[in-house]
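Here are a few exercises to work through with the model open in your viewer. Try each one before reading its solution.

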Amino acid sequence: MARAIMLQGTGSDVGKTVLVAGLCRAARRRGLVVRPFKPQNMSNNAAVADIPGEAQGGEIGRGQWLQALACGAAPTVHMNPVLLKPQTDVGAQVVVQGKVFGQAGARDYQDLKGRLMAAVLDSWRKVGEGADLVIVEGAGSPAEINLRPRDIANMGFAIRADVPVVLVGDIDRGGVIAALAGTHLILPEQDRRMIVGCIVNKFRGDVSLFDEGVAAIEKFTGWPCFGVVPWLKAAARLPSEDSVVLERAAAGGKKALKIAVPMLSRIANFDDLDPLKAEAGVEVVFVPPGRSLPADARLVVIPGSKSTIGDLIRLRENGWDRDLEEHHARGGHVVGICGGYQMLGRTVRDPHGIEGGVTEAEGLGLLDVETVMEPEKTVRNVSARAVAFDVPLEGYEIHLGRTAGPDCARPVALVDGVADGATSADGKVFGTYLHGLFGADGFRARFLRELGVAGAGIDYRGAVEAALDEIAAELEECLDCDAIFGLAR
């Protein structure tokens with residue numbers, strides 16, 4: 001079994017995903033065969049990964065896909081054996097080793113965890129095969145001691161797998177000394193012994209000003225501090241996994257093209273927009289509930305959703321349907337991806353009640369198509385070709401349902417030779433099941449040129465790779481990586 005080290009946090013969103021990705025890249029640059037692992041993740045931003053021995057792919061968190069990229073490794077479902085995809089405020093779809101296991105309410109899931117530990121440990125053994133080092137990411141915080149008895153994500157896993165832990169605190173949100181010292185105080189002794197040190201993350205300004213803070217943390221906890229990580233600007237160039245980042249998204253300066261994106265309550269795979277955001281002439285504005293879609297946007301993108309009918313209902317409640325009608329009447333363009341594609345049609349039907357109690361909803365009517373939800377889920381990586389521009393595409397599909405209708409006679413892409421998507425008769429609206437189409441540099445450049453953005457077409461994947469290299473180099477400067485890797489066992 002490979003040696004391993006685990007990063008846990010004093011809370012959610014302390015920057016563990018980026019730190020693990022950066023450390024994975026740093027270890028790779030040292031010549032190590034390194035792999036990422038996250039026992040349990042909660043995210044509607046999923047990626048398609050290999051299921052060894054099977055043609056169909058499986059789902060993992062987008063963060064583990066990014067970490068696999070940092071390692072230079074093909075992502076597999078064993079890198080994230082349990083993925084929770086929230087569908088309501090109290091329930092989620094449970095994906096185990098890439099496949100849908102079932103639905104569970106929050107309380108039911110706590111009872112289910114004990115059965116899932118076997119899958120977690122099975123994947124753990126498989127990830128470590130042939131690796132020198134595995135870097136593990138926890139979820140939430142070990143300080144959530146009310147969840148400790150059935151925990152599979154933090155100390156419950158660390159103790160079962162005998163993996164030492166580095167605790168990460170976020171100084172940007174304030175109270176980092178209390179967060180680290182408080183975690184030390186309330187952890188049971190068995191869990192506390194697993195922690196071999198700590199990291200202070202997201203520091204802005206002169207790091208030396210926190211020397212006394214580091215001393216205080218070490219005094220209260222007895223844990224060595226491996227370093228204070230500055231605010232990593234390159235992290236903004238990486239795909240985001242958690243929708244919490246959308247709540248903090250700030251509009252930039254005026255650009256040649258404004259793209260509006262309604263923030264659906266169960267928004268999924270919103271990193272489809274990241275390649276557009278990376279273009280210098282493009283401003284992507286995520287519009288929260290309660291606000292109108294901006295009238296000066298030339299393009300509206302309706303992203304994926306984990307609950308198409310539920311989000312379609314919320315979309316109407318926000319008045320975004322009227323905004324879209326007015327936008328289209330002004331000659332504006334509309335793109336729907338996956339669940340957003342389904343919403344653009346005339347109706348969405350769910351005869352099996354897969355998404356909940358509402359089994360049919362009227363669509364936005366911007367495409368002459370209809371969607372019927374089906375129990376079997378499509379999960380696969382694909383190669384495709386854009387019909388309009390005759391350029392190659394690569395992406396993935398994660399969806400339930402079949403969509404058909406007259407506008408499908410004008411497909412968006414040929415996916416493995418089969419027509420996908422639909423385009424309106426006026427050419428202003430299209431929808432597709434293909435996630436990742438904007439990641440294709442040639443397609444994105446041609447599409448944006450049609451909307452008046454000249455000079456588009458950066459090397460997006462190259463920019464992500466460069467950001468990972470930059471983060472790894474910064475971590476080598478500010479952290480004692482030798483000590484961290486040396487404590488792996």
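**Helix packing, a pocket and a salt bridge**

**Exercise 1.** Work out how α2 and α14 are oriented to each other, and which residues make the contact.

*Solution.* Start with the geometry: in this predicted model, α2 and α14 pack at an angle of about 75 degrees, and their axes are 10 Å apart. Angles from 65 to 115 degrees count as roughly perpendicular, so α2 and α14 are roughly perpendicular to each other. Next, pick out the contact residues: α2 brings W65, L66, L69 and A70, while α14 brings R461, V464, E465 and L468. Sort those by class and you get 6 nonpolar, no polar and 2 charged residues.

**Exercise 2.** Describe the second largest pocket and say which element gives the most to its lining.

*Solution.* First the volume, which is about 670 Å³. Then the lining: 27 residues, with R62, W65, E394, G395 and R461 nearest the centre. Elements giving two or more residues are β4 (46-49), α2 (62-71), β21 (370-386), β22 (392-404) and α14 (460-478). Of these, α2 gives the most, with 4 residues. Finally, split the lining by class: 15 nonpolar, 4 polar and 8 charged.

**Exercise 3.** Find the partner of R204 in a salt bridge, and place both residues in the chain.

*Solution.* The whole structure has 31 salt bridges to search through. R204 pairs with D172, at 2.9 Å from N to O; the cut-off is 4 Å, so the pair qualifies. Now place them: R204 is in the loop between β11 (195-203) and α7 (211-221), and D172 is in the loop between β10 (165-170) and α5 (176-186). The two are 32 residues apart, so to speak linking distant parts of the chain.

Conventions. Residues are numbered from 1 along each chain as its sequence is written. This is a predicted model: local features need pLDDT of at least 70, side-chain atom pairs count only at pLDDT 80 or more; totals for chains, interfaces and linings use all residues. Side-chain values use heavy atoms; hydrogens and water are left out. On a 1 Å grid over the protein atoms alone, a cavity is a set of points where a 1.4 Å probe fits but cannot get out, and a pocket is an open set with protein on both sides within 12 Å along at least five of seven lines; lining residues have an atom within 4 Å of a point. Grid points are joined across faces, edges and corners, and a volume is the space filled by probe spheres set on the points. Ala, Val, Leu, Ile, Met, Phe, Trp, Tyr, Cys and Pro count as nonpolar, Asp, Glu, Lys and Arg as charged, and the others, Gly among them, as polar. Axes are lines fitted to C-alpha atoms, for helices over the stretch in contact, and angles run from 0 to 180 degrees between N-to-C directions. Angles under 35 degrees count as roughly parallel, over 145 as roughly antiparallel, 65 to 115 as roughly perpendicular and the rest as oblique. Contact means heavy atoms within 4.5 Å. A salt bridge is a side-chain nitrogen of Lys or Arg within 4 Å of a carboxyl oxygen of Asp or Glu.
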